Amino acid sequence: MSKINKILITGGFGLVGTALVNFFLKKKFKVVVFSKKKLIIRKNFFIKSKNLIFENGNLINKTRLKKVFNKHDFSGIFHLGSQTQVLKALKKPHNTFKANLIGTLNLLEIHRKKNNKVPFIYSSTDRVYGDLKKKYYTENDNLNAIYPYDCSKATSDMICQSFSKTFNSKIAIIRSCNIFGECDFNLNRIVPETIISILKDKKLKIRSNGMQKRDYVYVGDICKAYYKIFINLKNSKNDLLIYNASSNYNLTTLQLVKKIYKLMALKENYMIENNSKVEIKNQRLNFNKIKSEINWKPNTSLEQGLRYTINWYKKNIQLFKNF
């Protein structure tokens, strides 16, 4: 355990980051969370542990990152930190590209110079494949992103591949579908927005036409995927691993919204605005590779994952007074 006892997680205050921090703390790892903000309220959702360390800074500040790497001896790096809001990327594309590309490049360069055989796991997305042109996408399909957020992630994905293939850096890329779960403060996402609208007795405004299809997976299952990929990369002779992580739950936005209303046993109260025109229509991932190579598949049903999520928002609805 001594060689894998301290890991770095960027974006540790996000939906996946919070769950992943707690996941590794339960496994007795030391976890360093690097974030440009110390969000006091969100810190309450981490397990209280002497093994949890916070380092404040911005990923585009290479000097600050170097100090963190010189201070800690990491045996694993999980790069989740990015500008993740699709709507914000449409309004401020320059900021999104700067944050996501330069931040990733800084980490990879420091990793390359310090010890590029330490497992580096990059959090990519199914959006890098673009709109669905076939039954589903596999890891061998070309990246075909169009919109700013998607392109920023696809470019960072390719930069990671470049560093691995050119410099033999030990890197894994996980391309996840739509993730939902507890501690999601990005209220532009359909799951938290729907749940909070219901809890506050407000009409839900669906910006799209509601017909876009997506895969959905519970955050607890994704944490297990990250862990298995980390262990596999550490022991693998290959320097580059790429996996799709998804589920068999492929629904339209409207189907998902209706399911949440049903689970909360309340009358549907939504309106279709259909004013979001720059949106991927359909996405679906084939995740046979991760199932066969590292024996991962989601174990939480869509309904059970939604119940966990609904219960969390019920308990913490006071945090969303300004919704």
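This is a short tour of a predicted model, with a suggestion at each stop for what to select in your viewer.

**Stop 1: helix α7**

Start by selecting residues 190-199, which form helix α7. Is this helix enclosed or open? Nine of its ten residues are buried, so α7 is largely enclosed by the rest of the structure. The buried ones are I190, V191, P192, E193, T194, I195, I196, S197 and I198.

To see what lies over them, add the surrounding elements to your selection. The cover includes three strands, β7 (178-180), β8 (204-206) and β9 (213-218). It also includes the helices α9 and α11 (302-315).

Now colour T194, a residue of α7. T194 counts as buried because its relative accessibility is 0%, and the cut-off for buried is under 20%. Which residues does T194 touch, apart from its neighbours within four places in sequence? They are L204, V257, I260 and Y261.

Before moving on, look just past the end of α7. There you will find D201, whose phi is positive, at about 55°.

**Stop 2: from α7 to R207**

Keep α7 on screen and show the side chains of E193 and R207. These two form a salt bridge, with their closest N and O atoms 3.3 Å apart. The pair joins distant parts of the chain: E193 belongs to helix α7, while R207 sits in the loop between β8 and β9, 14 residues apart. How do the two partners compare in exposure? E193 counts as buried at 11% relative accessibility, whereas R207 is partly exposed at 24%.

**Stop 3: helix α9**

Next, select residues 253-263, which make up helix α9. T253 is found in this helix and counts as buried, with a relative accessibility of 11%. Leaving out neighbours within four places in sequence, T253 is in contact with I190, I206, S208, G210 and Q212. You may recognise I190 from the list of buried residues in α7.

Stay with α9 and pick out K258, whose side chain meets that of E268 in a salt bridge of 3.0 Å, N to O. Here too the two partners come from distant parts of the chain: K258 is in α9 and E268 is in the loop between α9 and β12 (270-272), ten residues apart. K258 is partly exposed, with a relative accessible area of 33%, and E268 is partly exposed as well, at 36%.

**Stop 4: helix α6**

Move to residues 148-167, helix α6, and highlight S164. Is S164 buried or exposed? It is buried, with a relative accessible area of 3%. Not counting residues up to four places away in sequence, S164 touches S169, I171, D239 and L240. For a sense of distance, draw a line from the C-alpha atom of S164 to that of F45: the two are separated by 34 Å and lie 119 residues apart along the chain.

Still in this area, show D157 and R175. Their side chains meet in a salt bridge, 2.9 Å from N to O. D157 is in helix α6 and R175 is in strand β6 (residues 171-176), so to find both partners you need to look 18 residues apart along the chain. Both D157 and R175 are buried.

**Stop 5: more salt bridges**

How many salt bridges are there in the model? The count comes to 14. In general, side chains of opposite charge can pair when their charged atoms come close. For a linked set, select E55, R64 and K71, which are joined in a network of salt bridges.

**Stop 6: the surface**

Finish by switching to a surface view. Select K36, K37, K88 and K92, which gather in a patch of positive charge. Within this patch, K92 is in the loop between α4 (86-91) and α5 (93-115) and is partly exposed, with a relative accessible area of 48%.

Then select I60, I102 and L105 to see a surface patch of another kind. These residues make a nonpolar patch of about 200 Å². I102 is part of helix α5, and its relative accessible area of 35% makes it partly exposed.

Key: Residues numbered from 1 in each chain as written. Predicted model: local features only at pLDDT ≥ 70, side-chain atom pairs only at ≥ 80, totals over all residues. Heavy atoms only, no water. Helix = DSSP H or I, 4+ residues; strand = E, 2+ residues; numbered from the N terminus. Buried < 20%, exposed > 50% of the residue type's maximum accessible area, 1.4 Å probe, protein only. Contact = heavy atoms within 4.5 Å. Patch = residues over 30% accessible without salt bridge, like charges linked within 9 Å, V, L, I, M, F, W, Y side chains within 5 Å. Areas by Shrake-Rupley, 256 points an atom, 1.4 Å probe, with all protein chains shown as cover. Salt bridge = Lys/Arg side-chain N within 4 Å of Asp/Glu carboxyl O. Lys, Arg positive; Asp, Glu negative; His and termini not counted. Charge placed at Lys NZ, Arg CZ, Asp CG, Glu CD.
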